[in-house]
Amino acid sequence: MQPQGRHHYESAPKASLRVLVVGAGVGGISIARGLLRDGHDVTVFEQRPEVRAGGGAVTIWSNGETVLAQLGVEMEGAGQQLSTVRVMMSTGRRLTTLDVTAIVNRMGAPVRMVPRRVLLERLLEGFPAERIRCSAHVVGVAESGTGARVEFADGSCAEGDLVIGADGLHSTVRKIVGAP
């Protein structure tokens with residue numbers, strides 16, 4: 001018997017999606033971790049022969065630290081925790097100074113500057129290596145009868161329900177689909 005004033009709703013089982021993620025950098029591995037955690041079938045495609053981080057360091061704000069914890073990524077000891085951030089013009093003139101300690105105290109998680117390489121290493125810890133396909137240079141993305149298809153330079157292709165372009169600043173996927 002249901003308690004008065006309450007309704008019992010049975011949720012339908014979530015349909016698992018076949019997701020194709022193009023790009024095995026910080027963004028691609030992050031989204032893949034979350035989708036795998038939620039029970040989806042995810043494959044990550046990287047054009048380089050191995051997974052490696054490009055670029056310098058990234059600032060991970062308190063909300064980002066919280067999301068990484070939700071993804072099961074341990075950031076303790078990574079990078080340098082920040083207490084202040086100074087925003088300056090290229091001429092050296094100071095625009096503002098942020099008291100990061102106040103943000104940390106309010107949000108309950110640190111703000112840190114982390115080398116991109118270290119962040120990617122942490123994201124890859126525990127990530128199933130068989131879910132990453134290296135040397136997979138994307139040359140096409142198209143709709144298929146049941147979802148989407150990614151075409152590769154070697155003539156092979158992969159089909160899924162969804163394609164996520166996480167292939168960086170000079171994104172091949174973005175160019176192919178005509179996004180700004």
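The backbone nitrogen of L17 and a polar atom of the H40 side chain lie 2.9 Å apart in this model, which is predicted. H40 itself is placed in the loop that runs between helix 1 (26–37) and strand 2 (41–45). Apart from neighbours within four places in sequence, the residues in contact with H40 are A15, S16, L17 and L35, so that L17 appears both in this list of contacts and as the owner of the backbone nitrogen at 2.9 Å. H40 counts as buried because its relative accessibility is 15%, and the cut-off for that class is under 20%.

A second region of interest is an open sheet of three strands, arranged in the order 9-10-11 and paired in antiparallel fashion. Strand 9 (138–143) and strand 11 (157–160) each have a single partner strand and stand at the edges, so one side of each is left without a neighbour in the sheet. From one strand to the next, the twist averages 15°. In general, the strands of a sheet pair through backbone hydrogen bonds, in either a parallel or an antiparallel manner. The two pairings in this sheet are set out below.

| Strand pair | Bridges | Direction | Residues standing opposite |
|---|---|---|---|
| Strand 9 and strand 10 (residues 148–152) | Five | Antiparallel | V138 and F152 |
| Strand 10 and strand 11 | Four | Antiparallel | E151 and C157 |

Strand 10 and strand 11 also form a hairpin, with four residues between them, and within that turn G155 has a positive phi of about 95°. The residues of strand 11 divide between two faces, of which the covered one holds A158 and G160, while the uncovered one holds C157 and E159. C157, which belongs to the uncovered face, is thus also the residue that stands opposite E151 of strand 10.

The remaining feature described here is the largest pocket, which has a volume of about 500 Å³. Its lining is made up of 26 residues, and those closest to the centre of the pocket are G23, E46, A166, D167 and G168. Helix 1 and helix 4 (116–124) each supply at least two residues of this lining, and helix 1 gives the most, with three residues. Helix 1 therefore enters the description twice, since it contributes to the lining of the largest pocket and also precedes the loop in which the buried residue H40 is placed, between helix 1 and strand 2.

Methods:
Residues are numbered from 1 along each chain as its sequence is written. This is a predicted model: local features need pLDDT of at least 70, side-chain atom pairs count only at pLDDT 80 or more; totals for chains, interfaces and linings use all residues. Side-chain values use heavy atoms; hydrogens and water are left out. Buried means under 20% relative accessible area, exposed over 50%, partly exposed in between (1.4 Å probe, protein chains only). A polar contact is a pair of N or O atoms within 3.5 Å; within protein, one must be able to donate a hydrogen and the other to accept it, and residues adjacent in sequence count only if both atoms are side-chain atoms. Contact means heavy atoms within 4.5 Å. Two strands pair if DSSP finds at least two bridges between them. Axes are lines fitted to C-alpha atoms, for helices over the stretch in contact, and angles run from 0 to 180 degrees between N-to-C directions. On a 1 Å grid over the protein atoms alone, a cavity is a set of points where a 1.4 Å probe fits but cannot get out, and a pocket is an open set with protein on both sides within 12 Å along at least five of seven lines; lining residues have an atom within 4 Å of a point. Grid points are joined across faces, edges and corners, and a volume is the space filled by probe spheres set on the points.
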